[in-house]
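Dear colleague,

Here is the structure I said I would pass on, with the sequence alongside. Please have it open while you read the notes that follow, which go through it region by region.

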Amino acid sequence: MSINEIITLQFGNYSNFVGTHYWNSHQKRLLERENSTEDNRNYITKLFRESQSSRTRFVPRAICFDLKTKLQTLKQDGTFADEDDISDGFTTGAQDVGDIVTYNEPKIEQNDFVKQVQSGEFDQNGKVKFEFESEVKTWSDYMTYELDNHSIQLLSENYNDGDDFKFFGKGQDEYKNIEDDFEDYLHYWAEECDYLEGFQLMSDLHNGYTGLQSKVLEYLADDYNKKSRLSFMNWSTSTTSKDEKDDFDVIYQYLNVALSLQTMKNYNSLSVFQGMQSDYFKSCDGGIQIPYVEYQNDLAYHTSAILAAALDSTTIPLYQTQGTMTMSELCHHVSHGKWKLAGTSFGLPLQGSLSDGNTLFDTMLSAKGFYNGMSTCLFPNLKDVALKPNSQLVVLQNLSSDLVCPDQIDSKILQGLGLNRNVFNRHPMSVLEYFSERFYPCKTTLTKLYYSTDKLRQDQPFPDLIKGEKNPTTFSSLYTSPCFYDFLHGIVMALRRMNLHKVHAIQEFGLDRDIITELTEDLVQIAQTYNYEKAFHELEE
């Protein structure tokens, strides 16, 4: 059986937080499946490659873009520094000698969790005494895996620890500085693949990494034009200013999102926007609320875990043992060749029902739609949880057969559903397929359903966010929606109101009013694909 490999590219500190949770989960699966059947070995090879290191057998087939200061004790070769390798701090320059200035670099200490992982003392199934919430400073602080020496692509400079890397244009300029190194790294990964299926990308959406990713996508579209490109665009909850009108950062954020959408239109197979903030451009207390999930909205370690869970669940069809989809098929099930912008949803539909003896059938019977209490949209400004998608790929995970439907269903309930007999069995798909057609007739919503016995892995270092049942059933989706029109239209109106002359950085990267006009026209075209009738009436006005 041929193996269709996937290469993952991660852009930015926050997306590397997401990626670390994602790969920790896969590391757990890998250890469970490593010595198993042929099909499971195919799963391993799809996302991992054999390592040259003596410490680990497999490493993710991935390239991570970030600043050197975000690595902590992780070295550029993908391994962690030994205690003897860690600097006690050093001084450069000398005092009182001409114009030379003395700089002191503080000592970077390896945290106790990393020490346990590196020493082999960490038990994937056990608990460790480590205060993740207070001790985790960056994504390498909770890694349970190692990377290849072609997996870390550092930016060419520190950009004031990222504070000067906020705009799309900065990322595009930075690509020129690292282009040769990146292409060498990418060729290294691509050339060892038997059959490269496509590229999975995770990128920060709020800063200059949007521009860096856009140049990489442009390169992939040229050199790997027949390969699928699936992007997850992640929004950090700690980025939005409280003063929307006067803060230039908000202007940058509007432009970063707008230019990313333009890139999506030209070069991506599917772009998935996700974040835990209910409005990208306004400060919102508390963030998006998911029933039975309790998290700290200001902790990247927490919010990125939820996004990683949604990403992991919705991409399960790519590597599942049975019924595997190709990346091209997955993207098409959502986009259908025209809706390139998508969102994610994530929920725990039975978490509050198990104690009452309720089943999936009971839960869906009482719901008005998939999103009504079963799954929460992780897309900004979508307040109507019962919205009707244009298309959706729905993934249900980890449901025991006794929780699918009752042993007996009252005849009056069956009659109310228009059934003269019980058509349901112990397989979750029998319930999903019926209610899918009931909630979302195919003439209004294009639906693809998927069930997996795989489960959400909550072992440390995944944070303790989920309350109630510790082996939960999860319900996730990738979807497109007419509501995206309002999101896109809001960006268009914001761009038209902007006074670009006040923002020097925008002029520096050649964005004049004509280019912004062309950008807004592209966004209007994208918006029309989601709700053409509404777009037509507003354009007429």
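In β4, the side chains of A62, C64 and D66 point one way while those of I63 and F65 point the other way, and all of them are buried. Please keep in mind throughout that this is a predicted model. Because five of the five residues of β4 (residues 62-66) are buried, this strand is largely enclosed by the rest of the structure. As for its partners, β4 is joined to strand β1 (residues 4-11) by four bridges, and these two strands run parallel; within that pairing, F65 in β4 is the bridge partner of F11. β4 is also joined to β7 by three bridges, again with the strands running parallel, and here C64 is the residue that stands opposite I152 in β7.

Strand β11 (residues 341-347) can be described in a similar way. Seven of its seven residues are buried, which leaves the strand mostly covered. L341, G343, S345 and G347 point one way from β11, whereas A342, T344 and F346 point the other way, and all are buried. Which strands does β11 pair with, and in what sense? With β10 there are three bridges and the strands run parallel, V272 standing opposite A342 in β11. With β15 there are five bridges and the strands run antiparallel, and in this case S345 stands opposite S477 in β15. With strand β12 (residues 376-377) the pairing is antiparallel and extends over two bridges, and the bridge partner of S345 in β12 is C377. S345 therefore deserves a look from both sides when you display the strand, since it is buried, stands opposite S477 in β15 and has C377 as its bridge partner in β12.The packing of the nonpolar side chains comes next. The largest nonpolar core has 70 residues, and of these W139 and L378 touch the most other members. The largest share of this core, eight residues, is contributed by α8. A second, separate core holds 43 residues, including Y252, F273, F281 and L382. Returning to W139, and not counting residues up to four places away in sequence, the residues it touches are N13, N16, F17, T20, C64, D66, K70, L71, L74 and L147; two of these, C64 and D66, belong to β4 and point one way from that strand.

Two adjoining residues in a loop are also worth describing. T445 is placed in the loop between α12 (428-439) and β14 (446-452), and T444 lies in that loop between α12 and β14 as well. Are they buried or exposed? T445 has a relative accessible area of 1% and is buried, because a residue counts as buried when its relative accessible area is under 20%. T444, with a relative accessible area of 47%, is partly exposed. The side chain of T445 has a polar atom that lies 2.7 Å from the backbone oxygen of P389. Leaving aside neighbours within four places in sequence, T445 is in contact with K388, P389, N390, S391, Q392 and Y440, and T444, with residues up to four places away likewise not counted, touches P389 and N390. The C-alpha atoms of T444 and K388 are separated by 8.0 Å, although these residues are 56 residues apart along the chain.

Finally, there are some backbone details in other loops. The peptide bond from Q460 to P461 is cis, with omega near 15°, and P461 lies in the loop between β14 and β15 (474-480). N160 is a residue other than glycine with a positive phi, near 55°; N160 lies in the loop between β7 (152-154) and α5 (168-191), where it is partly exposed at a relative accessible area of 48%. Y292, which is not a glycine either, has a positive phi of about 70°. Y292 is found in the loop between β10 (270-275) and α8 (300-314), and counts as partly exposed at 39% relative accessibility.

With best wishes

Key
Residues are numbered from 1 along each chain as its sequence is written. This is a predicted model: local features need pLDDT of at least 70, side-chain atom pairs count only at pLDDT 80 or more; totals for chains, interfaces and linings use all residues. Side-chain values use heavy atoms; hydrogens and water are left out. Buried means under 20% relative accessible area, exposed over 50%, partly exposed in between (1.4 Å probe, protein chains only). A polar contact is a pair of N or O atoms within 3.5 Å; within protein, one must be able to donate a hydrogen and the other to accept it, and residues adjacent in sequence count only if both atoms are side-chain atoms. Contact means heavy atoms within 4.5 Å. A nonpolar core is a set of buried Ala, Val, Leu, Ile, Met, Phe, Trp, Tyr and Cys residues joined through side-chain atoms within 4.5 Å. Two strands pair if DSSP finds at least two bridges between them.
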